[in-house]
Amino acid sequence: SRSFGPVWAVLTHKRGIATTRSIDTWSGEGPRDLEFVLRSGYGISGIASDPEGRPIPGVVVRLVNWTVVRTETDQQGRFSLAGLDPNREGQRLTFRHPNYLPRTVTSSRKRAGFPMEVTLQRGLDVCGTVSGPDGRPVMGALVTLGEDQVIGRSRRTTGARGEFCLGAPMRGELILRVTYPGLAPHVGPVH
């Protein structure tokens with residue numbers, strides 16, 4: 001018999017209902033009926049804009065560490081997320097758009113009902129071309145730019161000619177990482 005350790009299950013519903021539950025160790029033999037009780041979650045809404053106050057459409061808004069709770073801003077830069085866990089205070093949301101620097105904001109249940117105003121900064125563009133060992137452009141390479149080698153704050157895949165452009169802060173040293181299946185990764189500083 002094979003034993004599974006404790007696992008977590010997270011269930012959400014688009015009408016703002018959520019539950020998180022730990023499932024105890026199970027041997028894996030025979031059926032196991034699980035019961036989940038969904039409880040009311042809370043929602044956050046707001047607008048994403050640039051420093052001049054212009055709304056930014058197409059910003060991906062996501063609850064950090066959970067890929068199921070995400071949305072995109074509409075043409076007026078507005079967003080709405082439902083199903084946030086009412087028992088977790090201070091949940092972090094990330095805001096990403098290819099033409100702006102990513103931003104992380106902490107939400108609060110106490111602020112539910114009050115629209116968030118999130119300003120994304122443009123920064124500088126770091127652009128380049130990725131080529132393989134044969135000198136030919138590499139299409140589809142993942143390029144990340146961030147403060148460490150593992151997690152990039154900005155990310156893009158290269159185009160047909162191996163080209164990429166990423167937003168970067170206006171100061172400080174960042175790490176550029178390029179990966180592509182079958183090729184050794186490139187990691188180096190950008191000043």
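This is a short tour of the model, stop by stop, with something to select at each one.

**Before you click**

You are looking at a predicted model, where local features need pLDDT of at least 70, side-chain atom pairs count only at pLDDT 80 or more, and totals for chains, interfaces and linings use all residues. Residues are numbered from 1 along each chain as its sequence is written, and side-chain values use heavy atoms, with hydrogens and water left out.

**Stop 1: the whole protein**

Show everything as a cartoon. You'll find 0 helices and 16 strands. Both are DSSP runs numbered from the N terminus: helices are H or I with at least four residues, strands are E with at least two. Now switch on the surface: the accessible area is about 12,100 Å², and 50% of that belongs to carbon and sulfur atoms. Such areas come from the Shrake-Rupley method with a 1.4 Å probe, and for residues only the protein chains shown count as cover.

How much of the protein is buried? Of the 191 residues, 33% are. Buried means under 20% relative accessible area, exposed means over 50%, and partly exposed lies in between (1.4 Å probe, protein chains only). As for contacts (heavy atoms within 4.5 Å), take those with a separation of 6 or more: 46% of them come from residues 24 or more positions apart.

**Stop 2: the sheet around S8**

Select S6, S5, S8 and S9. In that order they make an open sheet of 4 strands with antiparallel pairing; two strands pair if DSSP finds at least two bridges between them. Strands S6 (70–72) and S9 (100–106) sit at the edges, each pairing on one side only. On average, neighbouring strands here are turned by 15° against each other, direction ignored. The angle is taken between axes, which are lines fitted to C-alpha atoms (for helices, over the stretch in contact), with angles running from 0 to 180 degrees between N-to-C directions.

Zoom in on S5 (residues 60–63), which runs antiparallel to S6 and is joined to it by 3 bridges. One pair to click is valine 60 with its bridge partner in S6, glutamate 72.

Next, pick threonine 94, in strand S8 (residues 92–97). Is threonine 94 buried or exposed? Threonine 94 counts as buried because its relative accessibility is 11%. Leaving aside residues up to four places away in sequence, threonine 94 touches Val60, Val61, Arg62, Val64, Arg103 and Thr104. Try a distance, too: from threonine 94 to arginine 70 is 9.4 Å, C-alpha to C-alpha, with the two 24 residues apart in sequence.

**Stop 3: S4 beside S10**

Select serine 49, in strand S4 (residues 42–49). Serine 49 has a relative accessible area of 12%, so it is buried. Beyond residues up to four places away in sequence, the contacts of serine 49 are Arg54, Pro55, Ile56, Val118, Thr119 and Leu120. Threonine 119 is also the bridge partner of serine 49 in S10. The two strands, S4 and S10, run parallel and are joined by 4 bridges.

Stay on S10 (residues 116–119) and colour by face: Met116 and Val118 are on the covered one, Glu117 and Thr119 on the uncovered one. In a regular strand, side chains alternate between the two faces of the sheet.

**Stop 4: the sheet with S12**

Finish with S13, S12, S15 and S16, another open sheet of 4 antiparallel strands in that order. At its edges are S13 (154–157) and S16 (183–190), each pairing on one side only. The twist from one strand to the next averages 15°.

S12 (residues 142–146) and S13 run antiparallel, with 4 bridges joining them. For a last click, pick leucine 142 and look opposite: threonine 157 in S13 is there.
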